[in-house]
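Open the model in your viewer and get ready to click along. Here is a short tour, one selection at a time.

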Amino acid sequence: MSSEGFLEMNSRHPIFDFNVHLPTTESEVDDALQAEASMAVPEMLDALVEVEDQIGSNVEQVNLMLFNPTLFVGESPDGFDSVVARLHEIAPESVLTTLIDFRHPDALQAVDRAREAGVDGLKFHSYFQNIGQSDFQDALRVALRAQRNEMFLCVDTSYGTSRMFSHDNLQFAAFLSGYIDEVPLILLHSGGLRALEAMLLAESNSNVWLETSFSINYWRGSRVEQDLAFAYDKLGSGQILYGSDFPYVSMEAAIEETMGFFEYHEFNSKEVEAIAYKNAERLTTQITSE
């Protein structure tokens, strides 16, 4: 895609980035995730400055991932309201999603505290949280509590690492879909290599959405790119959300690759607009207005 074409398409479509992490000083992904997992409120506020630099120039709104699973275990952290206020000052329609240690005895109350503090979604990450089949019931309890609190649910459905067989995240998402039917259930990364399986799950559950982050960039030029295009076309643009996975993928690179992907695979302007912004706007308005 030419730079002119990218700029023209980007100017026509505002961007709601549904998968944004708080940056850390670590360069390796595993180290960065561990740093995110221990991030306290003052560090979050510092990291928000870097996210702020991206908003306006690259995107309009974000779904900000909070990776510290113990953030709301016990009392809500001092000063967390300043994180929410700062994010909404930067991008008023933005939302927050958090991990919670679903094994902790205080997990259900932690979900309540997160919601009361202004968090809109709950995320599960099978590889990072070591979610195997034996954990499904405990995770479900927390997911049901989030549903009761009218929070959307995100499941990381990337595919890879040495845990790809022992921690089957799509199996976990399918399990959740049998119980989560009142709020959106979002498959982050669209299943990656297993995009067609993710599509089948979304096709049979109208509240299941696919999200584009990382996968379009990573699988460019492979047969998986064709699977992603087929899945999005087959499912229809109404259940697809745009995301970057910033800072693991730069926002600029994610937008350019994604817009080029949609142009190459002949998605029309209305479909791109829905995926880039309108679907997220519809989803978050539903959650934040209830």
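**Stop one: a helix and its cover**

Start with what covers the buried residues of helix H4, which includes helix H3 (41–54), E2 and E3. Keep in mind as you go that you are looking at a predicted model.

Now select H4 itself, residues 80–90. This helix lies across E2 and strand E3 (95–99), and it runs at about 140 degrees to E3. Show the side chains of Phe80, Val83, Val84, Leu87 and Ile90: these residues of H4 are buried. They cover an arc of only 135 degrees around the axis, so they sit on the same side of H4. Turn to the other side of H4 and you'll find Asp81 and Glu89, which are exposed.

**Stop two: the whole thing**

Zoom out for a moment. How many helices and strands does the protein have? There are 13 helices and eight strands. The C-alpha trace spans about 50 × 40 × 40 Å along its principal axes. A compact globule of 290 residues would have a radius of gyration near 19 Å, and the protein's value of 18 Å agrees with that. Buried residues account for 58% of the 290 residues. Take the contacts between residues at least 6 apart in sequence: 80% of them join residues at least 24 apart.

**Stop three: the sheet**

Color the strands next. Eight of them form an open sheet with parallel pairing, in the order E1-E2-E3-E4-E5-E6-E7-E8. Which strands stand at the edges? They are E1 (16–21) and E8 (240–241); each has a single partner strand, so one side of each is left without a neighbour in the sheet.

Select E1 along with E2, residues 61–66. The two pair in the parallel sense over four bridges. To see one pairing up close, pick Phe16, whose bridge partner in E2 is Gln61. If you're wondering what holds such pairs together, strands of a sheet pair through backbone hydrogen bonds.

**Stop four: strand E4 and its neighbours**

Move along to E4, residues 121–124. Are the faces of this strand covered or uncovered? Both are covered: Gly121 and Lys123 lie on one side, Leu122 and Phe124 lie on the other, and all four are buried. In a regular strand, the side chains alternate between the two faces of the sheet.

On to the partners of E4. Three bridges join E3 to E4, and these two strands run parallel. Click Thr97 and look opposite, where you'll find Gly121 in E4. To follow the chain from E3 to E4, trace it through helix H5 (residues 107–116); this β-α-β crossover is right-handed.

E4 also pairs with E5, residues 152–156, in the parallel sense and over four bridges. Here the residue to click is Phe124, which stands opposite Val155 in E5.

**Last stop: Leu235**

Finish by selecting helix H11, residues 223–235, and picking out Leu235. Is Leu235 buried or exposed? At 14% relative accessibility, it counts as buried, because the cut-off for buried is under 20%.

What is Leu235 in contact with, leaving aside its neighbours within four places in sequence? Show Met199, Ala202, Glu203, Leu210 and Ile240 to see those contacts. Try a distance label on one of them: Leu210 is 25 residues from Leu235 in sequence, while the two are 9.3 Å apart in space, C-alpha to C-alpha.

Terms used
Residues are numbered from 1 along each chain as its sequence is written. This is a predicted model: local features need pLDDT of at least 70, side-chain atom pairs count only at pLDDT 80 or more; totals for chains, interfaces and linings use all residues. Side-chain values use heavy atoms; hydrogens and water are left out. Two strands pair if DSSP finds at least two bridges between them. Contact means heavy atoms within 4.5 Å. Axes are lines fitted to C-alpha atoms, for helices over the stretch in contact, and angles run from 0 to 180 degrees between N-to-C directions. Buried means under 20% relative accessible area, exposed over 50%, partly exposed in between (1.4 Å probe, protein chains only). The arc is that of the directions from the helix axis to the C-beta atoms. A crossover is right-handed if, with the strands pointing away from the viewer, the path from the first strand over the helix to the second runs clockwise. The radius of gyration is taken over C-alpha atoms; the globule rule is 2.2 Å times the number of residues to the power 0.38.
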